[in-house]
Amino acid sequence: MTAVVQQALRDGVSVITLEDPPVNALGIAVRRGLAQAIAAAQADDRVRAVVIHGTGRGFSAGADIREFGRAREQPWMGEVCQAVEACTRPVIAALHGMALGGGLELALAAHYRIAAPGTRLGLPEVQLGLLPGAGGTQRLPRLIGASAALDLMLSGRHAGAGEALALGLIDRIAVEGDLLEQAVAWANALSASGAPPRRSCEAQGLADRAASLAALETARAGLARKFRGQVAPFRIADAVQAAIEQPFEEGLRAERAGFLQCIDSPQREGLVHAFFAERRVRQIPEARSGTPRPVRTVGVIGGGTMGSGIAVALLDAGLHVTMVERDADSLARGQRNVGKVYDRLVASRRLTEGDKAATLARFTGATAYEALAQADLVVEAVFEDMAVKKGVFAELDRLCRRDAVLATNTSFLDIDEIAASISRPQDVIGLHFFSPANIMKLLEIVVPRQVAPDVVATGFALADTLRKVPVRAGVCDGFIGNRILYVYREAASHMLEDGASPYQIDQALEDFGYAMGPYRTADLTGGDISWAARKRKAATRDPRARYVRIADLLCERGWFGQKTGRGFYQYPDGARTGRHDPEVLALIDAERAERGIRPRAFTDEQVVRRYMAALVNEAAKVLQDGIALRPLDIDVTMVHGYGFPRWRGGPMKYADTVGLAALLADIREYEKEDPLFWQPAPLLVGLVQRGQDFDTLNQGSSHA
Ligand code: CAA
Ligand code: NAI
């Protein structure tokens, strides 16, 4: 027996224990151990039943993700599951913590399942660009029906023990106490009653073939929209079709073919990169030296778009929130903004009136800063204006507890300057949320020069409390995300003026995988906001820099996007999806004529290449300036804050996939047209010269 799998005989029951911290991933040693243990139990006449369980945090989190992309070693998990299911004594899986991916597939191959309360069960493979590859696509639908199985496999979500019981995924929920003891007692009872192995491959969940096929058709109908460009969800549907229409063994073969197609795909590589990047962003220099300050009560200043969204995010995480606005009317509006979010949840039955009341009981409002005197942390989300922000921080300096963390949600302003304006710069940090703040996963944690390490650690701990993905950023105009965004938006506007239409640019980028192209996004967020930013920056703009006026011309007509019924698109009668607007195209044509630009055609591929070259080039400058710690921090920022397709791993991962030399060659080509805008990042040039890629830099720096 390998050390990671133990086996012992207990009351005639062979107890097989997975013991491979942190999450009992099913790496080669565990698979070998399991195969040996099952074979030994089968060969031992004293064994009347088998219990498989895990120690530590959970039963198993599934395949060892670190093994993907390496040579595959036998036995693979599908064979282990086959051996478990074929066992002639009843096999009971005793689950706790998590039973995910291959871990749940192992449990499905067992004959009976018991789970501790609080166990999370799921097949999250789709989130890694995979399908369950150890028989899960065949056993699960047979066990719980096509509809429920497709829901679990296509969402990758975790079901709780209660739901799992209702679905028939498990047979019983253990009472609080010793799970293993209960599983062994059950195993003994089963063998005493002569209960036979009950195999999932023989379960009748697909007996109603017509209903199963109808469920499959319904699921398939939504795939193209929901998973544009992705492969795994379609292979999952194919595997379920095989489960419905073919014998079990044939179905396993279909699953295997789909699995092999996915495991070697760049999408799987991109998603696994994203998985590890989302964890490594938490490895920061301050993690060692700073212990987070406790945060229970939070002040939010400003009840506008961001303040109200941040308040909801904090309330949803169970914190106490006090909102401060400048007058009673603004406060009432801010409180209404918050209330509306919960009203909508109640209306759509995602929240009960009671839960809404309980949440809002933790929410108070005030028009005087004194209300923040006891707050553990304050987030300022007032107008984007240095004088206003400094005024707010002066008040906080005067009134807040000496150990309070003072945070700003500024998008662009110099946080070093804000910090230096008060008597306790070590307590000032940037917590840059994204709109809508209660939905978007990214939290840029902007680290000013003088901040204390424990304040940074508090920001990261808060992100965990809010279930957000934190990324450490340095201070500069726009930090990581907005600084890069500004540049690739410029590249898009250059193309717009040179001959591409906003609709082509949007479509090309949506086909690339973005949820929304830049012009659709601009219409959604409101053209007036970036217009104001452009006006503010006009005085400091390099006079040699190319400036495209098209967005300004739209704004001058009052076309701010969805909220005014038209922007780059038209939104008649409050429509949410825009229609192409011939007047916008005419306006762009006129502007080109006025500037003496002869429009030229771009292919969709050219659009994407320029856009990505601008993005990656600026990202390399962000890295070089030390604003982002590693390329992976940029990947996570762009995926979780800016709609970059997660299945491509992030822009830096994408750049590595394309090849940095090819990307730099593009930049050098564009540089001939506009040498100021397209200055290649020295860091990028250096990597190409050394034959390295961005991932080299990810490996090189660890801040564990
Ligand atoms: N393989 C290898 N390492 C894993 C892992 C896995 N399946 N799951 C988690 N880990 C590692 C994490 O990288 C992390 O390592 P570090 O401490 O070194 O950073 C550690 O375990 C703890 O994980 P988290 O920090 O994520 O802890 P958490 O409590 O927030 O979440 C979890 C735990 C829910 C299990 C989460 O880690 C998770 O979702 N894991 C992935 C589960 C998954 O996708 N499984 C399917 C694998 S594919 C498969 O099984 C295919 C098949 O059919 C054979
Ligand atoms: P907003 O205009 O919707 O809200 C600002 C609110 O602050 C208003 O309700 C106003 O009454 C209040 N306010 C102004 N001065 C105040 C004061 N002295 N005391 C108390 N309240 C005061 O603005 P929005 O969009 O919410 O932006 C707020 C901050 O968040 C800005 O710094 C902005 O740059 C930043 N931000 C905005 C994002 C967005 O998408 N809108 C995204 C991320 C950051």
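Arg-467 is found in the loop between helix H18 (453-465) and strand S17 (469-474). Helices (H or I, at least four residues) and strands (E, at least two) are DSSP runs, numbered from the N terminus. Phi of Arg-467 is near 55 degrees, a positive value in a residue other than glycine. At 69% relative accessibility, Arg-467 counts as exposed. The classes are buried (under 20% relative accessible area), exposed (over 50%) and partly exposed in between, with a 1.4 Å probe and protein chains only.

This is a predicted model, where local features need pLDDT of at least 70, side-chain atom pairs count only at pLDDT 80 or more, and totals for chains, interfaces and linings use all residues. Residues are numbered from 1 along each chain as its sequence is written, chains are lettered from A and ligands numbered from 1 in the order in which they are written, and side-chain values use heavy atoms, with hydrogens and water left out.

## Overall build

The protein chain carries 30 helices and 19 strands. Its radius of gyration is 28 Å, close to the 27 Å that the globule rule gives for 704 residues, so the chain is as compact as a globular protein of that length. That radius is taken over C-alpha atoms, and the rule is 2.2 Å times the number of residues to the power 0.38. Along the principal axes, the C-alpha atoms fill a box of roughly 85 × 60 × 55 Å.

Of the 704 residues, 56% count as buried. Among contacts with a separation of 6 or more, 73% come from residues 24 or more positions apart. Contact means heavy atoms within 4.5 Å. The exposed surface of the chain is about 29000 Å², and carbon and sulfur atoms supply 53% of it. Accessible areas come from the Shrake-Rupley method with a 1.4 Å probe; for residues, only the protein chains shown count as cover.

The chain has 83 positive and 84 negative side chains, and the centres of the two sets lie 1 Å apart. Lys and Arg count as positive, Asp and Glu as negative; His and the chain ends are not counted. Each charge is placed at NZ of Lys, CZ of Arg, CG of Asp or CD of Glu.

## The six-strand sheet

An open sheet runs in the order S1-S2-S3-S4-S6-S9, with mixed pairing. S1 and strand S9 (172-173) stand at the edges, each with a single partner strand, so one side of each is left without a neighbour in the sheet. Two strands pair if DSSP finds at least two bridges between them.

The table lists pairings in the model.

| Pair | Sense | Bridges | Opposite residues |
|---|---|---|---|
| S1 (residues 5-10) and S2 (residues 13-18) | antiparallel | six | Val-5 and Leu-18 |
| S2 and S3 | parallel | six | Ile-16 and Ile-52 |
| S3 and S4 (residues 91-95) | parallel | three | Val-50 and Val-91 |
| S7 (residues 120-122) and S8 | antiparallel | two | Leu-121 and Ala-159 |

The hairpin of S1 and S2 has two residues between the strands, and Asp-11 there takes a positive phi near 50 degrees. Strand S3 (residues 49-54) is mostly covered, with six of its six residues buried. Ala-49, Val-51 and His-53 point one way from S3, while Val-50, Ile-52 and Gly-54 point the other way.

After S2, Asn-24 lies in the loop that leads to helix H1 (28-43). Asn-24 also has a positive phi, near 50 degrees. Asn-24 is buried, with a relative accessible area of 2%.

## The three-strand sheet

A further open sheet has the order S5-S7-S8, and its pairing is mixed. Strand S5 (98-100) and strand S8 (159-160) stand at the edges, each with a single partner strand, so one side of each lacks a neighbour in the sheet.

## Cis peptide bonds

Gln-74 and Pro-75 are joined by a cis peptide bond with omega about -5 degrees. Pro-75 sits in the loop between S3 and helix H2 (77-86). The bond from Ser-435 to Pro-436 is cis, with omega near -10 degrees. Pro-436 lies in the loop between strand S15 (428-433) and strand S16 (442-447).

## Two glutamates in helices

Glu-510 belongs to helix H20 (residues 502-512). Glu-510 is buried at a relative accessible area of 5%. Beyond its neighbours within four places in sequence, Glu-510 is in contact with Arg-228, Ala-515, Met-516, Gly-517 and Arg-520.

Glu-395 belongs to helix H16 (residues 386-399). Glu-395 counts as partly exposed, at 24% relative accessibility. Glu-395 and Phe-59 are 336 residues apart in sequence and 51 Å apart in space, C-alpha to C-alpha.
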